[in-house]
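User: I've got this model open and I'd like a plain-language walk through it. Please keep it short and practical.

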Amino acid sequence: MSAGGINIVGAGLCGSLLAVILARRGYGVTLFERGGDPRLGQPAGRRSINLALAARGMRALEHADLMARVEPLLMPMRGRMIHAEDGGRELQPYGQRERECIYSVSRAELNRLLVDAAEHSHGVELRFRQEAVGTGAGVDPGPDPAESDANPAADGGVILQDLDRSTRYAIHPPVVAADGAGSAVRRGLEASGRLHVTESLLPHGYKELTLPPGQDGGFQLDPGALHIWPRGGFMLIALPNPGGDFTLTLFLANDGTPGFAELESKPAVEAFFGQYFADVAPMIPNLADSFMTNPLGVLGTVRCRRWHSDEILLIGDAAHAIVPFHGQGMNAAFEDCVLLDSILEEAPHDWEAAFARFEAEQLPNANAIADMALENYVEMRDTVRDPKFVLQKQLAFELERRLPDRFIPRYSMVMFHPEIPYAVARHHGAAQRALLDDLTQNAEKLEDIDLDSAIRLTRERLPRLEPAIAGDRYEADRSPDRG
Ligand code: FAD
């Protein structure tokens with residue numbers, strides 16, 4: 001029996017997964033996307049080439065019964081391979097259990113899979129080349145306004161433009177807008193005074209390059225790690241792809257020295273890579289040409305005081321775009337889908353109440369991961385090189401082994417423990433950080449620390465993390481040799 005209809009705008013990662021999940025619950029879903037069908041080779045959105053998938057995202061894919069189809073696309077990364085300026089390398093494991101790794105996945109492949117799953121889920125109608133241009137109030141719906149008698153533009157609907165027929169029309173609420181960081185629906189709601197939004201651009205941008213397979217067709221770097229060349233104020237990273245290549249991403253200030261603005265000639269690009277990334281630069285064919293051709297991406301954080309107005313809801317990046325340094329934007333967007341579904345399970349017909357509850361529960365978490373993502377930029381590009389950081393990481397693992405219900409490194413809480421909300425991870429992580437600072441104040445190596453008193457202090461200063469953390473289902477699902 002149909003549970004009613006819902007419109008979703010944006011068939012990116014979040015919108016297409018949400019379509020699958022809501023169709024499985026029995027809603028009649030119509031999914032509108034500005035781009036063409038990604039299965040025909042037209043990527044729906046041009047962001048990063050590959051992404052890190054972690055436990056929150058995997059839990060959502062399992063919830064949609066899609067994990068078995070996604071698994072073949074995944075490349076496990078068990079830690080950060082730090083590339084020093086002198087060519088030295090050091091693997092810093094992300095976690096200390098076999099399952100505690102993250103997975104590189106192609107954005108285009110994952111998007112295609114999700115759109116395909118949506119099409120084959122009962123009740124999802126896909127409508128490509130349909131662009132949202134705003135919301136009811138404040139946008140002229142044009143000469144061909146509605147597909148039905150009522151005018152949803154007047155009652156708070158969303159206005160779309162058919163890019164093939166150059167016509168405009170409006171869709172009725174309930175609408176979930178998953179139209180990404182530059183969301184037209186969000187801008188429409190803001191323009192009509194229904195939302196207050198802050199968009200903060202980072203003064204750093206990013207550029208992607210490809211490190212192809214070697215002459216033997218194999219990987220030129222260890223494919224089981226996320227590679228980082230931390231250089232203080234900037235960094236280069238590399239994520240493996242199943243074809244033997246890596247996607248490299250340079251994160252750098254837009255202005256200043258060094259900065260993208262001064263890398264405007266091929267000799268300048270070659271000199272920059274030769275100076276800072278001498279080990280990897282010779283492995284990138286046509287480095288300077290690719291650098292000049294590839295687009296410069298912008299990075300920023302979107303924060304809203306509300307995510308819904310009546311029966312229109314923002315979700316995923318449209319609601320809370322974050323900088324990519326914790327590898328959590330997609331994971332958080334997928335988590336949104338599961339939360340919304342669980343709320344609708346209890347109140348399947350009261351959209352406004354469901355949207356209000358979703359917003360109340362998830363907004364503090366979105367703000368927390370936005371902050372942690374910004375903090376992680378400094379960690380990735382700089383702190384990972386600090387011997388104190390390495391010592392604190394060793395001590396954190398030691399405390400986690402001995403008191404797993406009280407101490408879990410913050411990175412692990414975010415990446416491997418979807419049952420711990422982001423806001424709790426941030427709060428608990430701050431107490432852990434202060435504890436680690438105190439315990440390592442006069443220590444240079446683990447042996448310098450009195451572990452018995454460290455454990456006593458941990459018990460005194462950190463509350464238990466409830467519910468119990470150990471033994472969640474990924475432990476069983478992920479055998480050591482998978483992927
Ligand atoms: P999007 O993926 O942006 O999808 C939005 C969709 O809406 C697109 O299909 C677009 O074409 C469509 N659309 C846009 N405007 C309109 C319109 N007006 N009308 C109709 N349709 C429209 N996240 C991670 O979890 N791990 C990572 O490792 C990671 N790495 C990243 C690296 C970089 C460089 C960047 C920039 C981001 C990274 N992210 C990562 C974040 C991740 O890309 C986003 O959080 C994720 O794509 C959000 O999904 P979404 O569906 O909300 O938005």
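**Talking through the model**

User: Where does H320 sit?

Analyst: H320 is part of helix α8. Helices here are DSSP runs of H or I with at least four residues, strands are E runs with at least two, and both are numbered from the N terminus. Keep in mind that this is a predicted model, where local features need pLDDT of at least 70 and side-chain atom pairs pLDDT 80 or more, while totals for chains, interfaces and linings take in all residues. Residues are numbered from 1 along each chain as its sequence is written, and side-chain values use heavy atoms, with hydrogens and water left out.

User: Is H320 buried or exposed?

Analyst: H320 is buried, because its relative accessibility is 4%. The cut-offs are under 20% relative accessible area for buried, over 50% for exposed, and partly exposed in between, with a 1.4 Å probe and protein chains only.

User: What does H320 touch, apart from neighbours within four places in sequence?

Analyst: H320 is in contact with V302, W307, A332, A333, D336 and A366. Contact means heavy atoms within 4.5 Å.

User: OK, on to empty space. How many cavities of 30 Å³ or more turn up?

Analyst: The search of the whole structure gives 2. A cavity is a set of points on a 1 Å grid over the protein atoms alone where a 1.4 Å probe fits but cannot get out; a pocket is an open set with protein on both sides within 12 Å along at least five of seven lines, and lining residues have an atom within 4 Å of a point. Points are joined across faces, edges and corners, and volume is the space filled by probe spheres set on them.

User: And what lines the second largest cavity?

Analyst: That cavity holds about 30 Å³. H320 is in its lining, along with V302, R303, C304, W307, A319, L363, A366, N367 and A370. Two or more lining residues each come from β17 (297–304), α8 (317–320) and α10 (351–381). Helix α10 gives the largest share, 4 residues.

User: What's the chemistry of that lining?

Analyst: The lining of the second largest cavity has 7 nonpolar, 2 polar and 1 charged residue. Nonpolar means Ala, Val, Leu, Ile, Met, Phe, Trp, Tyr, Cys and Pro; charged means Asp, Glu, Lys and Arg; the others, Gly among them, are polar.

User: How much space is in the second largest pocket?

Analyst: About 500 Å³. It is lined by 20 residues, with E379, F389, R410, R433 and L436 closest to its centre. Helices α10, α11 (387–402), α12 (410–416) and α13 (422–439) each give two or more residues to that lining. By class, the pocket's lining splits into 7 nonpolar, 6 polar and 7 charged.

User: Speaking of α13, how exposed is A434?

Analyst: A434, in helix α13, is partly exposed, because its relative accessible area is 32%. Its C-alpha lies 41 Å from that of E352, 82 residues away along the chain.

User: Switching to the backbone: where are the cis peptide bonds at P174 and P258?

Analyst: One joins P173 and P174, with omega about 5°, and P174 is in the loop between β11 (167–171) and β12 (175–177). Another runs from T257 to P258, with omega near -10°; P258 is in the loop between β16 (246–253) and α6 (266–276).

User: What about phi of D65 and R129?

Analyst: Phi of D65 is near 60°, positive in a residue other than glycine. D65 sits in the loop between α2 and α3 (67–70) and is exposed, because its relative accessibility is 57%. For R129, phi is near 55°, also a positive value in a residue other than glycine. R129 is in the loop between β8 (124–127) and β9 (130–135), and its 34% relative accessible area makes it partly exposed.

User: Which residues of α2 are buried?

Analyst: In α2 (residues 55–63), A55, R56, G57, M58, A60 and L61 are buried.

User: Last one, the whole chain. How many helices and strands?

Analyst: The protein chain has 15 helices and 19 strands. Its radius of gyration is 23 Å, close to the 23 Å from the globule rule for 483 residues, so the chain is as compact as a globular protein of that length. That radius is taken over C-alpha atoms, and the rule is 2.2 Å times the number of residues to the power 0.38. Of the 483 residues, 56% count as buried.
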